[in-house]
Amino acid sequence: MASKIMKMIGTTAFSLSLIVGTASAVSANGDLKSKETEVIEITPFAITGEWELKLEGGQTTYTKTLSIAQGSGNLKLQAKNTGSQSFRVTLQSDDYPQYGVILDKTVKAGETFDWTKNGGGVPSGAYTLQVHGSAANPNGIVYLKSADIPW
């Protein structure tokens, strides 16, 4: 008799665990379904200008003139100094002298400098990108990109 009671208790406990497990699985599946229909917003953007200034010709100053398109005042610059001496990177507006020099940074030997300017803080127009060596000719590369949304 005790054996039958133990079998009934065991069967009941097993049945309850199946019911609870099934309910948990259904609940978890419901959570997955709601996440499957979630929409992720992606803002399209365009890189509106790309410039490269290679520092390998044995000069003390390298100059690149460029034009930033209207609505593309979000800039990203990277300067890699592969030489043994520091150099200065400058970016200046040719059309708006009141802005003066927008960027003036010394990049030490062996360093990489990353700079961003977001929020449309740079008006469209003509610009001059320069790299100036001091005691030696600069070596490395400078990349500049403009985009219509912040980086």
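**Ile141**

I started at Ile141, which I found in strand β8. This is a predicted model, so I kept that in mind from the first entry on. Is Ile141 buried or exposed? Its relative accessibility is 15%, and since buried means under 20%, Ile141 counts as buried.

Next I looked up what surrounds Ile141. Leaving aside neighbours within four places in sequence, I listed Glu52, Leu53, Lys54 and Leu55 as contacts, along with Gln78, Ala79 and Lys80. I picked Glu52 for a distance check: 89 residues separate it from Ile141 in sequence, yet the two C-alpha atoms are 7.2 Å apart in space.

**The sheet around β8**

I then asked which strands share a sheet with β8. The order is β1-β8-β3-β6, an open sheet of four strands with antiparallel pairing. The edge positions belong to β1 (47–55) and β6 (112–117); each has a single partner strand, so one side of each is left without a neighbour in the sheet. I also noted the turn between neighbouring strands here, which is 10 degrees on average, direction ignored.

How many bridges hold β1 and β8 together? I found eight, in the antiparallel sense, with β8 covering residues 140–147. One opposite pair I wrote down is Ile47 with Ala147 in β8.

**Asn74**

Staying with this sheet, I moved to strand β3 (residues 74–81), where Asn74 lies. Asn74 counts as buried, at 5% relative accessibility. What does its side chain reach? I found the backbone oxygen of Ile149, at 3.4 Å.

**The second sheet**

I turned to the other group of strands in my notes. Here four strands form an open sheet in the order β2-β7-β4-β5, and the pairing is antiparallel. At its edges I found β2 (61–68) and β5 (101–107); each has a single partner strand, so one side of each lacks a neighbour in the sheet. Neighbouring strands of this sheet are turned by 15 degrees against each other on average, direction ignored.

I went through the pairings of β7 one at a time. Strand β7 (residues 125–133) pairs with β4 over seven bridges, in the antiparallel sense. With β2, I counted eight bridges, and these two strands also run antiparallel.

For later reference I kept a few partners from β7:

- Val89 has Val131 as its bridge partner.
- Arg88 stands opposite His132.
- Thr63 has Gln130 as its bridge partner.

A general reminder I put in the margin: side chains in a regular strand alternate between the two faces of the sheet.

**Thr90**

I chose Thr90 as my residue for a closer look in strand β4 (residues 87–93). Thr90 is buried, with a relative accessible area of 9%. Which side chain does the Thr90 side chain meet in a polar contact? It is that of His132, at 3.4 Å.

I also pulled the contact list for Thr90, leaving aside neighbours within four places in sequence. It holds Val101, Leu103 and Asp104, then Thr128, Leu129, Gln130 and His132. I was pleased to see His132 come up again, since I had already noted it opposite Arg88.

**Aromatic rings**

I searched the whole structure for aromatic pairs and found one. The pair is Tyr96 with Tyr99: the ring centres are 5.9 Å apart and the planes stand at 90 degrees, so the pair is edge-to-face. The cut-off I needed for that step is that planes over 60 degrees apart count as edge-to-face.

Are these two tyrosines buried, or are they partly exposed? Tyr96 counts as partly exposed, at 31% relative accessibility. Tyr99 is partly exposed too, with a relative accessible area of 41%.

**Whole protein**

I left the overall figures for the end. The protein has one helix and eight strands, and from the N terminus on the elements run α-β-β-β-β-β-β-β-β. Of its 151 residues, 26% count as buried; Ile141, for one, counts as buried.

For surface, I noted an accessible area of about 9,800 Å², of which 54% belongs to carbon and sulfur atoms. My last look-up was contact range. Among contacts between residues at least 6 apart in sequence, 78% join residues at least 24 apart. The Ile141 contact with Glu52 spans 89 residues in sequence, and that brought me back to where I began.

Methods: Residues numbered from 1 in each chain as written. Predicted model: local features only at pLDDT ≥ 70, side-chain atom pairs only at ≥ 80, totals over all residues. Heavy atoms only, no water. Buried < 20%, exposed > 50% of the residue type's maximum accessible area, 1.4 Å probe, protein only. Contact = heavy atoms within 4.5 Å. Areas by Shrake-Rupley, 256 points an atom, 1.4 Å probe, with all protein chains shown as cover. Phe/Tyr/Trp six-rings, centres within 6.5 Å; stacked < 30°, edge-to-face > 60°. Pairing = 2+ DSSP bridges. Axes fitted to C-alpha atoms, helices over the stretch in contact; angles between N-to-C directions. Polar contact = N/O pair within 3.5 Å; in protein donor to acceptor, adjacent residues only side chain to side chain.
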